[in-house]
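Open the model in your viewer and keep the selection panel at hand. We will go from stop to stop, selecting a few residues each time.

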Amino acid sequence: MENIKVNEVLDAKGLACPMPIVKTKKAINGLQAGQVLEVEATDKGSKADIKAWAEKAGHQYLGTIEEGEVLKHYLRKASGEESIEKKHPNVATNDELAAKLSEGENISVLDVREAAEYAFNHIPNAVSIPLGELEDRMAELNKEEEIYVVCRTGSRSDLAAQKLAQSGFTKVINVLPGMTQWNGAAESVE
């Protein structure tokens with residue numbers, strides 16, 4: 001999983017409950033909103049504990065990868081992105097996108113979440129370009145295609161859709177509410 005970009009790695013190996021949570025809370029407080037923390041733990045109970053704590057605290061639990069005795073938990077710090085006002089005028093629902101994909105329409109799906117979010121759950125064949133890399137990587141997209149932009153809640157995808165429209169992309173659609181409520185086909189590393 002070298003392709004998962006993390007902003008900080010926390011070593012909680014050898015620690016028993018509640019210490020992995022205590023150290024995770026301290027580490028995530030030092031991160032900026034939207035950054036990803038990798039917590040390495042050996043306590044088997046840490047998987048359920050860290051997931052429950054993240055959801056209670058409002059942070060996003062991305063998933064866990066087991067490498068031998070080590071559990072690598074991935075968390076994304078909450079950012080308040082849900083409150084950002086939507087501005088891109090062209091929107092589609094998750095169901096509308098799922099229908100277009102099942103009908104085999106010639107469209108592109110652009111996933112602007114961070115690489116770790118994409119790795120644990122994404123729409124098959126979606127192009128992964130995190131929002132922070134979009135300006136440098138726009139040339140990878142076809143201006144002639146209809147591009148459906150997805151993120152976790154529709155906020156980052158809204159910003160991405162605006163950036164694309166400002167750069168001459170005319171067939172850009174923001175997908176709402178995003179991957180938090182996606183029920184269509186999905187792939188992950190698990």
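Start with the salt bridges: this predicted model holds 11 of them. Select Glu-133 and Lys-5 to see one. Their closest N and O atoms are 2.8 Å apart. Now colour by secondary structure. Glu-133 lies in the loop between strand E7 (127-128) and helix H5 (134-137), and Lys-5 in the segment before strand E1 (8-12), so this salt bridge ties together parts of the chain 128 residues apart in sequence.

Next, colour the chain by domain. Residues 8-77 are assigned to domain 1 and residues 91-181 to domain 2. Place a marker at the C-alpha centre of each domain; the two centres are 28 Å apart.

Now select the contact residues on both sides. You should get nine residues from domain 1 and six from domain 2. How much area do domain 1 and domain 2 bury between them? The value is about 580 Å², and carbon and sulfur atoms account for 69% of it. On the domain 1 side, pick Gln-60, Leu-62 and Arg-76. These three lose the most area to domain 2, and together they make up 68% of what the domain 1 side buries.

Keep Arg-76 and add Glu-117. The pair forms a salt bridge, with 3.5 Å between the closest N and O atoms. How many salt bridges does the rule find across the interface of domain 1 and domain 2? The count is one. For polar contacts across this interface, the rule likewise gives one residue pair, with both residues at pLDDT 80 or more.

Show the domain 1 side as cartoon. Strands E3 (60-67) and E4 (70-76) each supply at least two residues of the side that touches domain 2. Which element gives the most to that side? Strand E3 does, with five residues. Colour the domain 1 side by residue class: four residues are nonpolar, four are polar and one is charged.

Last stop: the aromatic rings. The structure holds one aromatic pair. Select Tyr-74 and Phe-120 and draw the ring centres. The centres are 5.6 Å apart, the planes make an angle of 45 degrees, and the pair counts as tilted. Where do the two residues sit in the chain? Tyr-74 belongs to strand E4 and Phe-120 to helix H4 (residues 115-120). The pair links distant parts of the chain, 46 residues apart.

Notes:
Residues are numbered from 1 along each chain as its sequence is written. This is a predicted model: local features need pLDDT of at least 70, side-chain atom pairs count only at pLDDT 80 or more; totals for chains, interfaces and linings use all residues. Side-chain values use heavy atoms; hydrogens and water are left out. Domain bounds come from an automatic or database domain assignment. Contact means heavy atoms within 4.5 Å. Buried area is the accessible area (1.4 Å probe) that two parts lose on being put together, summed over both. A salt bridge is a side-chain nitrogen of Lys or Arg within 4 Å of a carboxyl oxygen of Asp or Glu. A polar contact is a pair of N or O atoms within 3.5 Å; within protein, one must be able to donate a hydrogen and the other to accept it, and residues adjacent in sequence count only if both atoms are side-chain atoms. Helices (H or I, at least four residues) and strands (E, at least two) are DSSP runs, numbered from the N terminus. Ala, Val, Leu, Ile, Met, Phe, Trp, Tyr, Cys and Pro count as nonpolar, Asp, Glu, Lys and Arg as charged, and the others, Gly among them, as polar. Rings of Phe, Tyr and Trp (its six-membered ring) pair if their centres lie within 6.5 Å; planes under 30 degrees apart count as stacked, over 60 as edge-to-face and the rest as tilted.
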